[in-house]
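Student: I have a model open in my viewer and would like a close look at one part of it. Could you walk me through its pockets?

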Amino acid sequence: METKRLGRTDVEVTRLGFGGGPLGGLFAPLDDDTAAGALAAAWDGGIRYYDTSPHYGIGHSERRIGEFLRSRPRDSYVLSTKVGRLLIPQDPDGKPDPAGFHVPAAHRRVRDFTRDGIRRSVEDSLERMGLDRIDVLYLHDAEEYFDDALRDGYPALAQLRAEGIVGAIGAGMYDTALLTTLVRETDVDVVMQSGRHTLLDHSALDTFLPACEERGVSVIAASIFNSGLLAVPRPAEGAYFDYEAATPEVVERANRIADVCEAHGVTLPQAAMAFPLRHPAVAGIAVGMRSAEEARTNLESFAVKVPTQVWADLRAAGLVRPAAIRVD
């Protein structure tokens, strides 16, 4: 699978990355065997970039990904995780995780973007995963703590990079205005941007993607299916968009995009995966996968070459902003 370098670092990621959120039991329970099957199918299909976080299932995703990757040569893959939440053990008392992951509440999350907190988070993650290093480290969900993340968190990451403990640093967030500030005011290498550079949401084009292109910062596009609406060939009423029920107008727009895709023999999910990669700042996409079947489906969709005329027709129909797609 094709790879891209992150910023000016030596870290290279496959253009399709494995998003570890579902391995934490996001939206539905997930057993270890099914999780292992998803990871194995992704590996067999050529994926060599794996992203996780302590937040995903309060450590379950990191544990599962680490267990899988320990049997692979360490230089054969790229691993990213995130900082900003420390996991503090507690008695679950029979309660589920309140953050939407279907796991027992055996830990509570404590937000911490201090230098000591970030170093402790890295040590905890390495212990959970059973690995000796992390390749990419992101400040995670720092929207409500942005001043702390910018003042304390970024310098802590920069120090870890200078010490050679991590190869590339950045942030994983959805707020493109704050990410633009981060890109312009710091020396990050990569940003994982969630849900704002998709077939249905082009707001990353306002300031964020131009800033990344100008500063030589790479982007990993996440949530490219906008919570599922773009993950099926024909979205129907009841589909989710940005974690909420999609409005009829959004569903109708998605189906109009699907019309254009089908006229050229491709599906909506195939176009949704290809779309972000049209921008020169985007190094890759990260897609959540919870089973071997999902992994194989995503790999098949990713391998499809979307005809250039699809992008031209979407622009002509006013379904995407002209700046969203640079037609060859």
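Student: Which residues lie nearest the centre of the largest pocket, and how many residues line it?

Tutor: Happy to take you there, and please keep in mind that this is a predicted model. Leu26, Phe27, Ser194, Ser223 and Tyr243 lie nearest the centre of the largest pocket, and 48 residues line it. The space inside comes to about 1500 Å³. Several elements give two or more residues each to this lining: the strands β9 (168–173), β10 (190–194) and β14 (282–288), along with the helices α8 (268–274) and α9 (292–303). Helix α9 provides the largest share, with 4 residues. If you colour the lining by class, you will find 21 nonpolar, 16 polar and 11 charged residues.

Now for the setting of those strands. β9, β10 and β14 belong to a closed barrel of 8 strands, which runs β3-β4-β5-β8-β9-β10-β11-β14 with parallel pairing. On average, neighbouring strands in this sheet are turned by 25 degrees against each other, direction ignored. To follow one step around the barrel, start from β8 (residues 136–140): this strand pairs with β9 in the parallel sense over 5 bridges. Within that pair, Leu139 stands opposite Ala171 of β9. Helix α4 (residues 146–162) packs on the sheet here, touching β5 (78–83), β8 and β9. The direction of α4 makes about 170 degrees with that of β8.

Helix α9 is worth a second visit, as it leads us to another pocket. The second largest pocket holds about 360 Å³ of space. Its lining has 13 residues, and Ala274, Leu277, Val304, Lys305 and Val306 are the closest to its centre. Here the elements that give two or more residues are α9 and α10 (308–316). The class count for this second lining is 7 nonpolar, 1 polar and 5 charged residues.

Finally, let us zoom out to the chain as a whole, which has 10 helices and 14 strands. Its C-alpha atoms fill a box of roughly 50 × 45 × 35 Å along the principal axes. The radius of gyration is 19 Å, which agrees with the value near 20 Å that a compact globule of 328 residues would have. For your next look in the viewer, a good starting point is α9, since this helix gives two or more residues to the lining of the largest pocket and also to that of the second largest pocket.

Technical notes. Residues are numbered from 1 along each chain as its sequence is written. This is a predicted model: local features need pLDDT of at least 70, side-chain atom pairs count only at pLDDT 80 or more; totals for chains, interfaces and linings use all residues. Side-chain values use heavy atoms; hydrogens and water are left out. On a 1 Å grid over the protein atoms alone, a cavity is a set of points where a 1.4 Å probe fits but cannot get out, and a pocket is an open set with protein on both sides within 12 Å along at least five of seven lines; lining residues have an atom within 4 Å of a point. Grid points are joined across faces, edges and corners, and a volume is the space filled by probe spheres set on the points. Ala, Val, Leu, Ile, Met, Phe, Trp, Tyr, Cys and Pro count as nonpolar, Asp, Glu, Lys and Arg as charged, and the others, Gly among them, as polar. Two strands pair if DSSP finds at least two bridges between them. Axes are lines fitted to C-alpha atoms, for helices over the stretch in contact, and angles run from 0 to 180 degrees between N-to-C directions. Contact means heavy atoms within 4.5 Å. The radius of gyration is taken over C-alpha atoms; the globule rule is 2.2 Å times the number of residues to the power 0.38.
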